[in-house]
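Welcome, and please open your viewer. We will go from stop to stop, with a selection to make at each one.

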Amino acid sequence: MNITFLGGGNMASALIGGLLERGFAAAGIQVIELGAEGRERLAARFGVRAVEAVDATALACDVLVLAVKPQQMKAALAPLAGRLSNQLVISIAAGLRLADLGRWLGTPGAPYTRLVRCMPNTPALIGAGVTGLYADPSVDAAGRAAAGRILAAVGSTVWADDEERMDAVTAISGSGPAYVFHFIEALEAAGRALGFDEAGARRLAIDTVLGAARLAADSGDSPAVLRQNVTSKGGTTEAALASLAAAGWHDELVAAVHAAAARGRALGAELGRD
């Protein structure tokens, strides 16, 4: 499997690094990157072929990964319009819908359809991400497997059965790290207010979240059961959770995720305009 990356930013670098760690050959990877400094960095770090523009070698790939910022995608795809044959195209650009990508990649009246839309999140940069994927119905099982293999290089994967679900993926896991970081900030602030120095409060906050997440991942119990296991009647945890419930914390977080999903739908419509 030969892979060409259109764009050589942080997420592309993470994917390339993850693939190489899993035994993929550098000779099978190439990157189209406008910046000379970026090309030099990618070639030196990974030993991959890095070129400034689409050429015949870059186009003769099995998989084309679109790693360009959403706002720049239409212009970036213009040199490729009508030139693809049967390459699997994987987009990791947030918000962009397959219909718009297919229109930009195809020819008038004949959109390109062998497309997979993905939404990795920022922990993918350290190989700990989760990626939501949706494939156009024209993509066969082999194409889905190839997309899953590539995105699994930076973490776990979850397939959506409807492209509309990708807005939910963006709202839950794409934006989700920010919610967790915000929670860590609040926990750290509480620690400092209760007498710890900055380093101690941060260590307590980060390691608590890290350990709890690992327990949730490794335990066979649901998060609700794990929460109940920590909560003794009349104890400290019960007091804290009662305070959060009184503030409507649970419902507010659910509402925030819905707001993110709604904004994702609106952005998709904006980004896909011709």
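## A tour by selection

Start with D55, which at 24% relative accessibility counts as partly exposed, because that value lies between the 20% limit for buried and the 50% limit for exposed. Now add R49 to the selection: R49 and D55 form a salt bridge, with their closest N and O atoms 2.5 Å apart. R49 is partly exposed too, at a relative accessible area of 32%.

Before moving on, zoom out. This is a predicted model, and the protein has 12 helices and eight strands. Along the principal axes, the C-alpha atoms fill a box of roughly 70 × 40 × 30 Å. Of the 274 residues, 40% are buried. The structure holds 10 salt bridges, so let us visit some others.

**Stop two: a buried pair.** Select D167 and R117. The closest N and O atoms of this salt bridge are 4.0 Å apart. D167 sits in helix α7 and R117 in strand β6 (residues 115-119), so the bridge ties together parts that are 50 residues apart in sequence. Are these two residues buried or exposed? Both D167 and R117 are buried. Extend the selection to R97 and E163, and you have a salt-bridge network of R97, R117, E163 and D167.

**Stop three: two helices.** Two packed helices are described by the distance between their axes and the angle between them. Show α7 (residues 165-174) together with α12: their axes come within 8 Å and cross at roughly 135 degrees. That makes α7 oblique to α12. The crossing is right-handed.

**Stop four: another salt bridge.** Pick E270 and R263, whose side chains meet in a salt bridge at 3.3 Å, N to O. E270 is partly exposed at 36% relative accessibility, and R263 is partly exposed with a relative accessible area of 43%.

**Last stop: the nonpolar patch.** Turn on the surface and select F183, L187, L244, W249 and L253. Together they form a nonpolar patch with about 420 Å² of accessible area. Which helices each supply at least two residues of the patch? They are α8 (176-193) and α12 (249-271). L244 lies in helix α11 (residues 236-246) and is partly exposed, with a relative accessible area of 34%. L187 belongs to helix α8 and is partly exposed at 32% relative accessibility. To finish, draw a distance from L187 to A213: they are 26 residues apart along the chain, and their C-alpha atoms are separated by 15 Å.

Conventions. Residues are numbered from 1 along each chain as its sequence is written. This is a predicted model: local features need pLDDT of at least 70, side-chain atom pairs count only at pLDDT 80 or more; totals for chains, interfaces and linings use all residues. Side-chain values use heavy atoms; hydrogens and water are left out. Patches are made of residues with over 30% relative accessible area and no salt bridge: like charges are joined within 9 Å, nonpolar side chains (Val, Leu, Ile, Met, Phe, Trp, Tyr) within 5 Å. Accessible areas come from the Shrake-Rupley method with a 1.4 Å probe; for residues, only the protein chains shown count as cover. Helices (H or I, at least four residues) and strands (E, at least two) are DSSP runs, numbered from the N terminus. Buried means under 20% relative accessible area, exposed over 50%, partly exposed in between (1.4 Å probe, protein chains only). Axes are lines fitted to C-alpha atoms, for helices over the stretch in contact, and angles run from 0 to 180 degrees between N-to-C directions. Angles under 35 degrees count as roughly parallel, over 145 as roughly antiparallel, 65 to 115 as roughly perpendicular and the rest as oblique. A crossing is left-handed if the near helix is turned anticlockwise from the far one by less than a right angle, and right-handed if clockwise.
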